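Subject: Structure for you to look at

Hello,

Here is the structure I said I would pass on. Please open it first, then read the notes below with it on the screen.

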Amino acid sequence: ASEELLPMGTMADLHFSLPDNGPPIAARGEVRWTRIHGASDELPPGMGLRFVMLTADDQHRIEAFLSQRDTLFFVD
């Protein structure tokens, strides 16, 4: 979720933490979709990024985190 949407195809440096007590993850991602907020929308504005540079270790950590959660959206 974000009010500041980047254009599709934009490359962005990402830094975030997971609730696994591991070190912060640093990765690079490409904006694949954006969602603006409309008056009738219940969903917040935001965007989806595809990882393009991610270490194998961080990929495993993210996959472990995701395996414990329900999917929120299905995008290509």
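**Salt bridges**

The chain's salt bridges number four, where a salt bridge is a side-chain nitrogen of Lys or Arg within 4 Å of a carboxyl oxygen of Asp or Glu. Before going further, note that this is a predicted model, in which local features need pLDDT of at least 70 and side-chain atom pairs count only at pLDDT 80 or more, while totals for chains, interfaces and linings use all residues. Residues are numbered from 1 along each chain as its sequence is written, and side-chain values use heavy atoms, with hydrogens and water left out.

As background, side chains of opposite charge can pair when their charged atoms come close. One such pair is Arg28 with Asp13, at 2.8 Å from N to O. Arg28 belongs to strand E2 and Asp13 to strand E1, so this salt bridge ties together parts that are 15 residues apart in sequence. Helices (H or I, at least four residues) and strands (E, at least two) are DSSP runs, numbered from the N terminus. Arg28 is partly exposed, at 26% relative accessible area, and Asp13 is exposed, at 55%. The cut-offs here are under 20% relative accessible area for buried, over 50% for exposed, and partly exposed in between (1.4 Å probe, protein chains only).

Glu30 and Arg50 form another salt bridge, at 2.5 Å from N to O. Glu30 is in strand E2 and Arg50 in strand E3, so the pair ties together parts that are 20 residues apart in sequence. Glu30 is buried, with a relative accessible area of 18%, whereas Arg50 is partly exposed at 39%.

In helix H1 (residues 56-66), Arg61 and Asp58 are three residues apart, which puts about one helical turn between them. Their side chains meet in a salt bridge of 3.4 Å, N to O. Arg61 counts as buried at 13% relative accessibility, and Asp58 is buried too, at 10%. Asp20 joins Asp58 and Arg61 in a network of salt bridges.

**The chain as a whole**

In what order do the elements of the chain run from the N terminus on? The order is β-β-β-α, made up of three strands and one helix. Of the 76 residues in the chain, 20% are buried. The chain exposes about 5,800 Å², and carbon and sulfur atoms supply 54% of that; accessible areas come from the Shrake-Rupley method with a 1.4 Å probe, and for residues only the protein chains shown count as cover. Of the contacts between residues at least 6 apart in sequence, 45% join residues at least 24 apart, a contact being heavy atoms within 4.5 Å.

**An aromatic pair**

The whole structure holds one aromatic pair. Rings of Phe, Tyr and Trp (its six-membered ring) pair if their centres lie within 6.5 Å; planes under 30 degrees apart count as stacked, over 60 as edge-to-face and the rest as tilted. The ring centres of Phe16 and Phe51 are 6.3 Å apart and the planes are at 25°, so this pair is stacked. Phe16 is in strand E1 and Phe51 in strand E3 (residues 46-53), so parts that are 35 residues apart in sequence are tied together by the pair. Both rings belong to partly exposed residues, with Phe16 at 26% and Phe51 at 33%.

**Other residues to look at**

Gly9 comes in the segment before strand E1 (11-16) and is partly exposed, at 37% relative accessibility. Outside its neighbours within four places in sequence, Gly9 is in contact with Glu30 and Val31.

Arg35, in strand E2 (residues 25-35), is buried at 18% relative accessibility. Its side chain reaches the backbone oxygen of Pro44 at 2.8 Å.

Most residues other than glycine have a negative phi. Asn21 is not a glycine, yet has a positive phi of about 65°. Asn21 lies in the loop between E1 and E2 and is exposed, at 79% relative accessibility.

Met53, in strand E3, is exposed at 53% relative accessibility. Met53 forms a nonpolar surface patch with Met11 and Val52, with about 260 Å² of accessible area together. Patches are made of residues with over 30% relative accessible area and no salt bridge: like charges are joined within 9 Å, nonpolar side chains (Val, Leu, Ile, Met, Phe, Trp, Tyr) within 5 Å.

Regards

Conventions. A polar contact is a pair of N or O atoms within 3.5 Å; within protein, one must be able to donate a hydrogen and the other to accept it, and residues adjacent in sequence count only if both atoms are side-chain atoms.
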